[in-house]
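Work through these short exercises with the structure open beside you. Try each task before reading its solution.

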Amino acid sequence: MSVWSAGSGVAAGSPVPGPASARERAQQPADSGERHRLTAVTGLAALSLDAMASVAYGPEAIVLVLAAAGGYGLGFTLPVTVAIAGLLAVLVASYRQVIAAFPDGGGSYAVAKAHLGRRTSLVAAASLVLDYVLNVAVAVTAGVAALTSAFPGLYADRLWLCLGILVVVTAVNLRGIVESARAFIVPTAVFVVSILVLIGVGLFRDGPVSTATTAGHASVLADNATTVGALLLLKAFAAGCSALTGVEAIANAVPSFRTPRAKHAQRAEIALGAILGVMLIGLAVLIARFGLQPVEGVTVLAQLADASLGHNWAFYVIQFATMTLLALSANTSFGGLPVLLKLLARDNYLPHVFALKADRQVHRHGVLTLAGISAALLVFSGGDTNTLVPLFAIGVFVGFTIAQTGMVLHLRHERGGGWVGKAMVNGFGALLTGVSAIVVTATKFHDGAWLIIVALPLLVLGFEAVHRAYRRIGERLGLGRIPQSPRRARSLVVVPVSGLSRLTSEALNAAVSLGDEVHAVTVTHHEPEDRASALALLRDWELWNPGVDLVELPSAHRTVGRPVATYVQSLRARQPDARITVLIPEVEPERLWQRMLQNQRGAVVAHAVRRDTDAAVCRLRLRLGAVR
């Protein structure tokens, strides 16, 4: 069921076009529409920014957890990172299967919808919504953190910098960027090459070249070091898995790739996994090699750049490359969430306004909603990355777990070649991400993770409430059923007037054209000055004699809406089968600012009539700019 939506685009009884013949296909342009789609390279640049940029905060999340065990705990950074890289390999293998099984895109939402039921698919959709929203806040704060690491004097203004970047990204997306994928290649390549150079040079260093970035900054290493136990390692593993965010983005956008779409998407997924894995392990090796410790106000990546390349132009190149990529990774959400909201609106789980596109093919309502929620999160976190990363990871892990669990059922149902091994890979991945979600939720509950626990079911309940509302509306409208044949009923038109003018004349012209019977009404009050104006209007009306009687509606209170609604109710009682329309004449000023000069009586009358009667309301606007 789809309420108030357009049709399929093929009229009933129209011939359905069949497949083109070989000659017709040969005569079509070779790149018919394909040149506007993504290759493996451009897809990697456009859809992997979230995952690539996560190396700016993923390793730091591991170090901050292990710092509770002092310098000894930091020695486990590499083993934990290797475990995360192993999970990354499992996720890449799993999402390659998702791409092949669901080439129409949708990721975890599509998998859950097909194999885990409607409620689970809504949980997947809610986790994706939270993922996209938190990605913007995390990416922007991490980008500003990279900037303030290079310019410490800006640290106190980090919240305003975050909000400024969010405004810029939002403004760009409201204008629309159709061919933005090619533009992402350069910053992505600069960032990846910079990180690989940092790792390569650092491997040949015996010690840090420079520690200028940490000078004057307090260490956050715990004085009362705890022991390194299984729980601490699990916490570090779960926190570091925030570096895996964005792995699912390619599977969500398979239709955006060139033919063969699945193969191009799978190649991009493999390339993403390989590059991300190398960067994560390489940075972890350098953290152990240089013995870095987390300090207040300086990111781990900035420390690594300083230690490996020195505090020179190369250091600032990496910082600016990181900041740029992080800002662009926020753009991934602006491209993905509005599309997801459109899909949910199409399935009647969100208001249909989210399915509308502006002139530039932009889902404007989705973009503005994302910007507003992200701004609230930035204010809530104070522009601090580490406050948001734990919240970010929970939604990501929920989506990962649902997708891989659904793929186990899909493989079991299909029973293709080697399905048992593939199912075991997905099942193992679902177990790891599910455990990570539980660990992050438990350990970060008092740090704000409870917000996700509350928000996730509330979103699902909200989706279902909207769906029930649309279902009830559809039942009352009789959607899916052939309605009765149209029949003509007597039409009554009520026109509220407050004076004689061209507006009054135009309103009566429209009313007599629409209705069989026209009633002009005016609301009068008992005050002396109001009474004098009412008598003057009645006298002028008789002189004008438009062929329509003017009915006076006395009102003991200073209101205009309720007397008109009461009069309409009396008409309905006298003529229950008539169609009643209230035609409200209004002026539309030539200038936008001149709307503030209007008295808003039309809006007051319209509200009262809609609230208290079943009459149709028609607001006739006379454009002053069109009057000669």
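**Exercise 1.** List the buried residues of α14 in this predicted model.

Solution.
- Step 1: Take the cut-off. Buried means under 20% relative accessible area.
- Step 2: Find the helix. Helix α14 covers residues 300-309.
- Step 3: Write down the buried residues. They are Val300, Leu301, Ala302, Gln303, Leu304, Ala305, Asp306, Ala307, Ser308 and Leu309.
- Step 4: Draw the conclusion. 10 of the 10 residues of α14 are buried, so the helix is largely enclosed by the rest of the structure.
- Step 5: Look just past the helix. There, Gly310 has a positive phi of about 90°.

**Exercise 2.** Which parts of the chain does the salt bridge between Arg118 and Glu464 link?

Solution.
- Step 1: Recall the principle. Side chains of opposite charge can pair when their charged atoms come close.
- Step 2: Check the distance. A salt bridge needs nitrogen and oxygen within 4 Å. For Arg118 and Glu464 the N to O distance is 3.3 Å.
- Step 3: Place the partners. Arg118 sits in helix α8 (residues 118-150), and Glu464 in helix α19 (residues 450-477). They are 346 residues apart, so the pair links distant parts of the chain.
- Step 4: Compare their surroundings. Arg118 is partly exposed at 43% relative accessible area, whereas Glu464 is buried at 8%.

**Exercise 3.** Where in the chain do Arg572 and Asp614 lie?

Solution.
- Step 1: Confirm the pair. Arg572 and Asp614 form a salt bridge, with the closest N and O atoms 3.4 Å apart.
- Step 2: Place both residues. Arg572 belongs to helix α22 (residues 561-574). Asp614 lies in the loop between α23 (601-612) and β5 (616-623). The two are 42 residues apart.
- Step 3: Classify Asp614. Exposed means over 50%. Asp614 has 58% relative accessibility and counts as exposed.

**Exercise 4.** Is Glu586 buried or exposed? Explain what its pairing with Arg621 ties together.

Solution.
- Step 1: Read the accessibility of Glu586. At a relative accessible area of 11%, Glu586 is buried.
- Step 2: Do the same for its partner. Arg621 counts as partly exposed at 44%.
- Step 3: Check the contact. The closest N and O atoms of Glu586 and Arg621 are 3.7 Å apart, in a salt bridge.
- Step 4: Place the strands. Glu586 is in strand β4 (residues 579-588) and Arg621 in strand β5, so the pair ties together parts 35 residues apart in sequence.

**Exercise 5.** How many salt bridges are there?

Solution.
- Step 1: Give the count. There are 12 salt bridges.

Conventions
Residues numbered from 1 in each chain as written. Predicted model: local features only at pLDDT ≥ 70, side-chain atom pairs only at ≥ 80, totals over all residues. Heavy atoms only, no water. Salt bridge = Lys/Arg side-chain N within 4 Å of Asp/Glu carboxyl O. Helix = DSSP H or I, 4+ residues; strand = E, 2+ residues; numbered from the N terminus. Buried < 20%, exposed > 50% of the residue type's maximum accessible area, 1.4 Å probe, protein only.
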